[in-house]
Amino acid sequence: MGSLFRSEPMCLAQLFLQAGTAYECLSALGERGLVQFRDLNQNVSSFQRKFVGEVKRCEELERILVYLVQEITKADIPLPQGEVSPPAPPLKQVLEMQEQLQKLEVELREVTKNKEKLRKNLLELIEYTHMLRVTRSFVKRNVEFEPTYEEFPSLENECLLDYSCMQRLGAKLGFVSGLIQQGKADAFEKMLWRVCKGYTIVTYAELDESLEDPETGEIIKWYVFLISFWGEQIGQKVKKICDCYHCHVYPYPSTAEERKEIQEGLSTRIQDLYTVLHKTEDYLRQVLCKAAESVSSRAVQVRKMKAIYHTLNMCSFDVTNKCLIAEVWCPEADLHELRWALEEGSRESGAPMPSFLNIVPTKETPPTLIRTNRFTEGFQSIVDAYGVGSYREVNPALFTIITFPFLFAVMFGDFGHGFVMFLFALLLVLNEDHPRLTQSQEIMRMFFNGRYILLLMGLFSVYTGLIYNDCFSKSVNLFGSGWNVSAMYSPGHTVEERGRMALWNDSIVRHSRVLQLDPSVPGVFQGPYPFGIDPIWNLATNRLTFLNSFKMKMSVILGIIHMTFGVILGIFNHLHFRKKFNIYLVSVPELLFLLCIFGYLLFMIVYKWLAYSATTSREAPSILIDFINMFLFPTSQASGLYPGQEYVQRVLLAITTLSVPVLFLGKPLFLLWLHHGRGCFGVSRSGYTLVRRDSEEEVSLLGNQDIEEGNSQAEAGCREVTCEEFNFGEILMTQAIHSIEYCLGCISNTASYLRLWALSLAHAQLSDVLWAMVMHVGLRVDTTFGVLLLFLVVAVFAVLTIFILLVMEGLSAFLHAIRLHWVEFQNKFYVGAGTKFVPFSFSLLSSKFSCDDGVV
Amino acid sequence: MLFASCAPETCARRTCPPRPRPAGHPGSDMTAHSFALPVIIFTTFWGLIGIAGPWFVPKGPNRGVIITMLVATAVCCYLFWLIAILAQLNPLFGPQLKNETIWYVRFLWE
């Protein structure tokens, strides 16, 4: 039997890692992902552990790599994603890698800083050029506004540009020119007016092109301004205001020659700067490209190294032997591979003494390992979401693979919807390896992980849809209906029959709105439809009466069988844990209780189906009432379902009543008797001590040998353990609670299975309504207009089908099927109190950089 | 009403030629369904899948899982089909049809 039935047997092993080989051995173990390490230094804080320094070094390297990745992505250089992940670097290479990375980081930072400085410089020069150009046009323009300069003597054109003339007036005319951001221009002008009281003249012009703001890097619009003022003090004030508004102020040339000189100088400088800047950017890009080649593999290596050091921190350091001791949980099937990995690690590091392992018998509960492939993984995760199985207990996931989609399909049963779901799942499954799907987020990821579940759900829904005869709420007539309408007409019958039964003729049919077929009339019912529900029921107005009866009975039958199966699985558990008394004292009474009451209900349902027909329909008793009467013993007993019913029911009730006290008291009394009669039994309940071999001579002698008699020694040791305190009261209480839960649960759980009926009814009705309200409207319209309308109608029908019927109903049925499994099925046998086996494996490390690994 | 003129005697629609009914025959028995035949067919079918199928599963790590799946599928599907056919074996009441439906069924299905 595949290992999906039970979790794998585990053993506890001690690894003796020599000081030089520890790193390589762990690297080999991590590549294979075989064992789970136990933390031996739990009471040591994370800052006092042995390898904290190495972990810090790894974190430093990680930080540098993150910075590199940031710079690379900022420069839009593609990062190659390597397929093969490189192994952790050997210790000799680590120092070299560290130096390389640090040098790279320093260089990058320097070059980036220089580049920024150059760019800022360039921007300033560009602004200066613009400013000179624009203010030149100011001055030219101002010549026309002669009235403003009335007080001054009229000057010739050339002299206007010579501002030294102004000095003759005794007041020094000063100029401040620069650039200001568009948003601040108005406030700036107002402030100047208020402060300088009109002794300044401000001229503005908007710059056509937007320039980049060197601080924030955004492209904004600038205004070039020119302020002319008289006097020193006003000059100071103006300068202060300019500072305040973060204007970029540039020296204003006093003469035309000066202006020309400055402009020429500026243009050459700008040219030079452009060249230098380009060269710098090229160099930076080169460096980044070279780094990009190896950065992702370096990142993987560093992460693996860090994981190895974390694990090394969990080992205890045996000073006398100069080696590290690690305790691991290892599946027994992998012991051979584990030894091989240790040998390989020792060989790689070239140590004189190889590392070896030593199996330790223990009474602690190992973690649970169930090996799954990508198909069974989804179903196992459904079971694990309820609780990871206890060590070596029966795993319900094996059966959930089929029963879960089946119960879903019973609630969802529609051929058309099931087929659409199947196609969607097929699409996901066939494109499994498509990168976009493997890296999808959130909701799509959930659908992707459940693709095999969806596939099976779709398949089973197709089958149940065929049986319910429901395809987008319409039935298909494949084999011919078993109900014959013509036979209800009088002409087809003898005179004698006509007298006995109410038959039809044309006038009756014409004048009655509805008429019911009578199966007791010969020829009307000609046999059950061979596959599924007869298609005539889809045309009938009393369809629900028939379907409800059918679906309710079906739900109860499926539920009782499912629950019985659960109890039987419990028997397997008792057999495995060698507690045979549980079978006789717990499982058998449980089965008797369940079968005597609900198995009998099942029998009554099937008997009524087989024994009663239309001719005897008047005497057919209601099963529910009969069932209730079984417990009530009414005085006036109406004729039962079958002769001898009373007697049979009494016997069944007697068996049930007898099995209840056995269930309550059987196991506690038996254990009490064992405890007193057999002496020390070693009942397994509370925690255990770890049996460990700590004799050092034995350790050095054993070396690489396996301890062959380890298992049987463990059992002998088990019996030597002093028996725990036998608490009768607690056992009795636990068993009483279990019994009450079971007995009352039987009734409520059977009723709970009626949700199979409820949800399938809801689905059928929703489907029907959608057809009647949407598609029917489109199909009834006249052809000329109808063709166009039908496009719209089909689109609306498709969208509503997908969102309401597939997504909403699908999720609802999925949830209820999960509930039925988790509660009604699993509480008959499943404990689910285990821990999951998490091996030390590099493939489990996250593929992205995560900042939430702390210091240790 | 709509079908008032479509009595079998005066029916002119080409889709419903009135069939002469011999007296004593309860009607067309072309759709008479037996019970034994479907039971035999489906029992054999699901029996092959559930009982004979496991012998042909190739040896491999997944053999147990595949065998369990085959048996569980056979049991579930067979049971579901069986419940459906048993529920219709001896109906205690018949479908209630509108008179339009009766006309339709009579002339199209029979």
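Modeller: A helix here is a DSSP run of H or I, at least four residues long, numbered from the N terminus. By that rule, A:Leu592 lies in helix H18 of chain A. The model is a predicted one.

Biologist: Why is A:Leu592 called partly exposed?

Modeller: Its relative accessibility is 35%. Buried means under 20%, exposed means over 50%, and partly exposed is in between. So A:Leu592 counts as partly exposed.

Biologist: Which surface patch includes A:Leu592?

Modeller: A nonpolar one, formed with A:Tyr584, A:Val588, A:Tyr647, A:Val648, A:Val651 and A:Ile655. Together they have about 620 Å² of accessible area. Patch members need over 30% relative accessible area, and A:Leu592 is at 35%.

Biologist: Which helices supply at least two residues each?

Modeller: H18 (580-611) and H20 (645-677) of chain A. H20(A) gives the most, with four residues.

Biologist: How do you know that the length of H10(A) agrees with its residue count?

Modeller: H10(A) covers residues 397-412, which is 16 residues. The expected span is 1.5 Å times one less than the number of residues. That gives 22 Å, and the end C-alpha atoms are 21 Å apart, so the two agree.

Biologist: Where does H10(A) bend?

Modeller: At A:Thr403, by about 30°. A proline, A:Pro405, follows within four residues.

Biologist: Why is H10(A) called largely enclosed?

Modeller: Because 16 of its 16 residues are buried.

Biologist: What makes A:Glu62 and A:Lys306 a salt bridge?

Modeller: Their side chains meet at 3.3 Å, N to O. The cut-off is 4 Å, so the pair qualifies. The pair links distant parts of the chain, with A:Glu62 in H2(A), A:Lys306 in H7(A), and their positions 244 residues apart.

Biologist: Are these two residues buried or exposed?

Modeller: A:Glu62 has a relative accessible area of 11% and A:Lys306 has 4%. Buried means under 20%, so each is buried.

Biologist: What about the contact of B:Arg106 with A:Asp506?

Modeller: It is a salt bridge at 3.9 Å, N to O. That is within 4 Å, so it counts. The pair crosses between chains, from H3 of chain B to H16 of chain A. B:Arg106 is buried, and so is A:Asp506.

Biologist: How many salt bridges does the whole structure hold?

Modeller: The search finds 22 over all chains. A:Glu60, A:Arg63, A:Glu105 and A:Arg109 are linked in a network of them.

Key:
Residues numbered from 1 in each chain as written. Chains lettered and ligands numbered in written order. Predicted model: local features only at pLDDT ≥ 70, side-chain atom pairs only at ≥ 80, totals over all residues. Heavy atoms only, no water. Patch = residues over 30% accessible without salt bridge, like charges linked within 9 Å, V, L, I, M, F, W, Y side chains within 5 Å. Areas by Shrake-Rupley, 256 points an atom, 1.4 Å probe, with all protein chains shown as cover. Buried < 20%, exposed > 50% of the residue type's maximum accessible area, 1.4 Å probe, protein only. Bend = angle between axes of the 7 residues up to and from the residue.
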